[in-house]
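Reader: Could you take me through a close look at a single chain of this model, from its overall build down to the details? I would love one connected account rather than a list.

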Amino acid sequence: MSVVTAGVASTADRAGGRRRVRWVASRLLGAITVFWATATFTFCVQALMPGNRAEMIINLASGTFSQPSAAQIAAVNAKYGFNDPLIVQYSHYISGLVSGDFGESYQAHRPVIDIIAEQIWPTIQLTLSALVLAWVMAIVLTLATAGRQGRVSSFVGALQVAIAVSPPYWIGTILLVIFAVKLGLFPVEGNNGLPGLVLPSLALAIPLSGFIGRIIREEFARVLEQPFVMSSRMRGMGDFGVRLRHVLRHAVLPGVTLSGWALGALFSGAAVIETVFARPGIGGLLVSATSVRDIPLVTGIIVVSAGMYIVANLIVDLAYPIIDPRLKAA
Amino acid sequence: MINPPLLAVDNLRVSFGRGNEVVKGVSFTVEAGRCLAIVGESGSGKSVTARSLVGLAGQGALVQADRLSFEGRDLTALPDREWRRVRGRHIGFVLQDALVSLDQLRPVGREIAEGLQLHGEARSRTERTEHVVRLLERVGVPEPTVKARQLPHELSGGQRQRALIAASLALDPKLLIADEPTTALDVTVQARILDLLAETQARGKALILISHNLAVVSRMADEVIVMRRGEVVECGAADQVFREPRHEYTRRLLNAVPSMHSRGTRLAPASAPRPSLPVQPAAPSYAENPLLQANGLVKRFRRPDGSLHTAVRGVSFSLNTGETLGIVGESGSGKSTVARMVMALETPDEGEVLLNGAPWTALPERQRRKWRRGISIVYQDPLSSFDPRWTVERVIEDSLPKDEAHRRARVTELLELVSLSNAFRIRRPLELSGGQRQRVAIARAIASRPKVIVCDEPVSALDVSIQAQILDLLGDLKHQFGISYLFISHDLGVIHHLSDRVLVMSQGEAVESGDVDDILLRPQCRYTQDLVAAVPRLRFALAA
Amino acid sequence: MSSTSTITGTRLGFSGDFRRRLTYVVTFVTSIPVSVYVAAFILGGFVLAALAPGVLRTHDPFRTDLFSTLQAPSLSHIFGTDQSGRDVFSRVVQGTAQSMAIGVGATTLSMSIALTLGIAAGLGGRMADSLISRFLEVMFAFPNLFLALLFVTIFDATTATLIVAVGVGTAPGYARMIRGQFLAVRRAGYVEAATALGHSWQRIVRQHIFPNAMRPLVVMITLGLGQSIVWASGLAFLGLGVAPPSPEWGALLDAGRDYVVNAWWLEVMPGFAIIVFALSVTVIGQHLQDRLEGRFHPV
């Protein structure tokens, strides 16, 4: 269908193009607003912290629990600006974020942004590979069994419910014991290479595939009942052909809208999985920062991950019309 | 030797699970160039019969037949692989409501090309594109090259149905089965689709038409099969079946069709004698103030993309006591928006509605509430208008005026009025049939003893015989209580049967209004003329 | 004459009614899938473990036995023993009450927040709705567990913090669902029908909107209970939950982490308990939801 009368299309395209630019701009602005709000929220929560922060920082640095002198406390307070009014601290914080300055770690005395930059890549690798794996597993199982009657189909349905509620750390532990400890097929921990990525990704992907599977499975069964499916079969399309060419695309839509959410779940899971497998990454970093109350590092990681979530959602939003062309036309 | 018929079916039986037989022995033959129609109400098994002919009766269906052959080839024990070669290539199938029968996410052209691809025709992409454009041209879709690239929702309803027909004609099958092909369409569009099907038939194709609409069938069919609850009650040449129906059920169906001829008569045979309640006869009185008056109503809506859409543009009318005013129009004509403004559920942007000569839509809601019991509404889809948790009793009781004494007795009385037994009190909306739901909706509407009832397509979703009962009921209530109706419908037959005066709407405007016979028999305006001309009529007058 | 007919009418009505009800009960009971009965039975076991752990446990959950440390599951210790020789099964049973308390507490908090926000957005008009929706959008940007970790950093890692962290973390999702419910019900045909009857807005809210919008609440609570126990155990697994001597499920997981290479059961068995619990409430919640959405007609 390559033939099209160019004259008719171009004016419509130009008007549509202008509307599309405006739409993209409004999404972008919305994303920036949400990011600013997440940063503000994080600031407010950490401002609520009880106790004397300067004292805590000194103890953290020296590794002891002593009563620091007034002079020491005053020095720390001056350095971090704890005595300033909250509004001043807030404006420092926000202007820092804009210029990419997330503050300095209490424990490591290095810029937070550097520490995150070192550790973020393994986490992105882990979450992306888990996301792809989860989708592949969910789609294969759904294509083969959804909307069918029989034991295999209902078993797969039940399995998807079961793995959807299973926490990643539990699945991770089982995988670790079986494949790394007993069978020795994969390294037990660390190792940034591909073999080291397999088990952690699987541990993250399995529960997510159960979750996605449940959603698209239900939608798949619903779409299978739609008249257009019957219509296609009346033209001579076979059962599997209809599933693959017509139904799957419809069934995937509600799963895609949840991808942003899935990314959040993956970040949460990564924190746990990186601990189980002792992998480098911002999840494990966050957990260790939490246990020593390294507030700039904790808030830094949280703000960065919120930012990544917002960007991912923006991408899903902008890419959505490719799967659902109705939105492009409207 | 005589050639075998194109399609021969002998004693076709379809059941879903044990003892649940939905088609109980159907036999017929179809010849090239002929049209066979299968008529019946919902649950008659007509669609399942049609689908069995292409081996797609549904999941878990058991299909048996003494004979099922196409061009002499036996189809009874065909494996699915072979069936797939028959579908599309030898037998084309058109489903109803093209919006949901076409894949929403793919361009229309790809749907049409799908059959070509599957059956190994037109191998190259350009060849397919050309073929698709030719097909769309043939079924009368304007700008076929552009439309082929568009998505189903970008086409109009009529164009979509044409595209669907084009898809089923792609491989030039000898037999075309059309299952309710015009049901969701406006009459003018319906007329053109029927023309297209007739044209296809004239080119030598055999046609099996499944429909609940007797008028459509009488226009198209050479032979007719009338089905009820899986059984064939009557079959024969269309001429004979419509002129001299032998079976009681066929006669009842034919009598149930509302039209100008049925005015002032009952459409359904009276089943139980109706309770005789104190009659308050009220002849239409035109002297005093009109009961309801609409002056220059205008309503605009904002579209999702921000532009304004004017749904109603300056509509005025009046309704007198004891009178029925019909508002007729096609989809998108703004007739339902008028109904909502009359009910003061939507505020007009300009103009106003007066009730009993006093301001109505102009009042603030707080002041309007106490007058609301004077005007009630019956919707097309009563199910959504009932709280799913409530029983019938509670639904009706809730609409009684606060000062009403003997509430239980009054509910019984109202149920009796709409011919429902007391056993229905404890039912919930989901446990009622469509006709029963509409009766409950009417009982609720008359509970507050209103002067006016607005009926918004109250019978459009019902089978002909149920529709007849509901129309009879509305007529009875009018005579008994002197209620005035504002009756909104797309069906000219229903309007003609029931209304005293009529208002014709098109694209938000009232194009014509006046006495029902004047307008519908001698329309002045071009639009009304087209509308009246497009209505399919029973081709054969029923012998008395 | 008339009185006699009334009496027989009533009597007939009663016996007919009784039979109707009986058949209704029978079809109702047989219509519930076996999986739901199994789930209910298991859930009953958990409740028993929480209320009267003595009935189910096989050993003293606190008694150490240095001669039988780190034993794999066997007939005498079905979940095995830990590094101090304590019976893992008995410890899981003992910890049920505390784990459930955390789950119930977090769900209660989460539902309270969600109801407040959801109802305010659903009924409070356009301003309130857009403000609350924006707020929820911001909350969604935080990965659940990260938000919880933020709370644990700022406040001390106590049971209360754990409950607050999980409760606050899961609330936005439920708030959005409740808001959606209210908005959907507000647009329902029966709300318009009630307006047309002349009922006041307060009456419509009381009679129709509230009861209908709240119907899925039971489902949300059941599903939420399972979710919050899983989340809390995740935090505890990271060592940010209840202190180890207590046999709370998450604490058991945390304690078992160091031995996972040699004694997998310390990790797998408590996790198994959590999954079985979450699964059984999910099965029941799903069934309730199917019923509500009318995908399941018992009669």
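Author: Happy to, and one definition helps at the start: two residues are in contact if their C-beta atoms, placed from the backbone, lie within 7 Å. The chain to look at is chain B, and please keep in mind that this is a predicted model. In chain B, 69% of the contacts with a separation of 6 or more are between residues 24 or more positions apart.

Let us begin with the overall build. Chain B contains 20 helices and 21 strands. Its C-alpha trace spans about 80 × 50 × 45 Å along the principal axes. A compact globule of 544 residues would have a radius of gyration near 24 Å, so the 26 Å of chain B agrees with that expectation. Of those 544 residues, 47% are buried.

The domain assignment splits off two parts of the chain: domain 1 covers 1-88 + 215-257, and domain 2 covers 292-534. Taken over C-alpha atoms, the centres of domain 1 and domain 2 of chain B are 38 Å apart. Where these domains of chain B touch, six residues of domain 1 and five residues of domain 2 take part. On the domain 1 side of that contact, three residues are nonpolar, one is polar and two are charged.

Now for a strand that deserves a careful look, strand 3 of chain B. Which of its residues are buried? Six of the six residues of strand 3 (residues 35-40) are buried, so this strand is largely enclosed by the rest of the structure. The burial holds on both faces: B:C35, B:A37 and B:V39 are buried on one side, while B:L36, B:I38 and B:G40 are buried on the other.

Strand 3 also has strand partners. Strands of a sheet pair through backbone hydrogen bonds, either parallel or antiparallel. With strand 9 (residues 206-211) of chain B, strand 3 runs parallel and is joined by five bridges. In that pair, B:V39 stands opposite B:S211 of strand 9. Strand 3 pairs with strand 10 (residues 223-228) of chain B in the parallel sense too, over five bridges. There the bridge partner of B:A37 is B:V224 in strand 10.

Further along the chain, four strands of chain B form an open sheet with antiparallel pairing, in the order 13-12-15-16. Strand 13 (308-319) and strand 16 (358-359) are its edge strands, each pairing on one side only. Strand 16 is held by two bridges to strand 15 (residues 350-355) of chain B, and the pairing is antiparallel. Within it, B:L354 stands opposite B:P359 in strand 16. This sheet has a helix against it: helix 12 (residues 335-342) of chain B lies across strand 12 (292-302), strand 13 and strand 15, and runs at about 115° to strand 12.

Another open sheet of chain B has six strands, in the order 17-18-19-14-20-21, and its pairing is mixed. The edges here are strand 17 (375-378) and strand 21 (509-515) of chain B, each pairing on one side only. On average, neighbouring strands of this sheet are turned by 15° against each other, direction ignored. At one of its edges, strand 21 runs antiparallel to strand 20 (residues 501-506) of chain B, and six bridges join the two. As one example from this pair, B:R501 stands opposite B:D515 in strand 21.

Finally, let us turn to the neighbour, chain A. How many residues of chain B are in contact with chain A? The contact takes 31 residues of chain B and 25 residues of chain A. Several helices of chain B each supply at least two residues to its side: helix 2 (80-86), helix 3 (98-101), helix 4 (108-118) and helix 6 (144-149). By class, this side of chain B has 13 nonpolar, nine polar and nine charged residues.

If you would like a path for your own viewing, start at strand 3 of chain B, with its buried residues on both faces, and step out to its parallel partners, strand 9 and strand 10. Then move to the four-stranded antiparallel sheet and the six-stranded mixed one, and end on the side of chain B that touches chain A.

Technical notes
Residues are numbered from 1 along each chain as its sequence is written. Chains are lettered from A and ligands numbered from 1 in the order in which they are written. This is a predicted model: local features need pLDDT of at least 70, side-chain atom pairs count only at pLDDT 80 or more; totals for chains, interfaces and linings use all residues. The radius of gyration is taken over C-alpha atoms; the globule rule is 2.2 Å times the number of residues to the power 0.38. A residue is buried if 20 or more other C-beta atoms lie within 10 Å of its own, exposed if 12 or fewer, and partly exposed in between; C-beta atoms are placed from the backbone. Ala, Val, Leu, Ile, Met, Phe, Trp, Tyr, Cys and Pro count as nonpolar, Asp, Glu, Lys and Arg as charged, and the others, Gly among them, as polar. Two strands pair if DSSP finds at least two bridges between them. Axes are lines fitted to C-alpha atoms, for helices over the stretch in contact, and angles run from 0 to 180 degrees between N-to-C directions. Domain bounds come from an automatic or database domain assignment.
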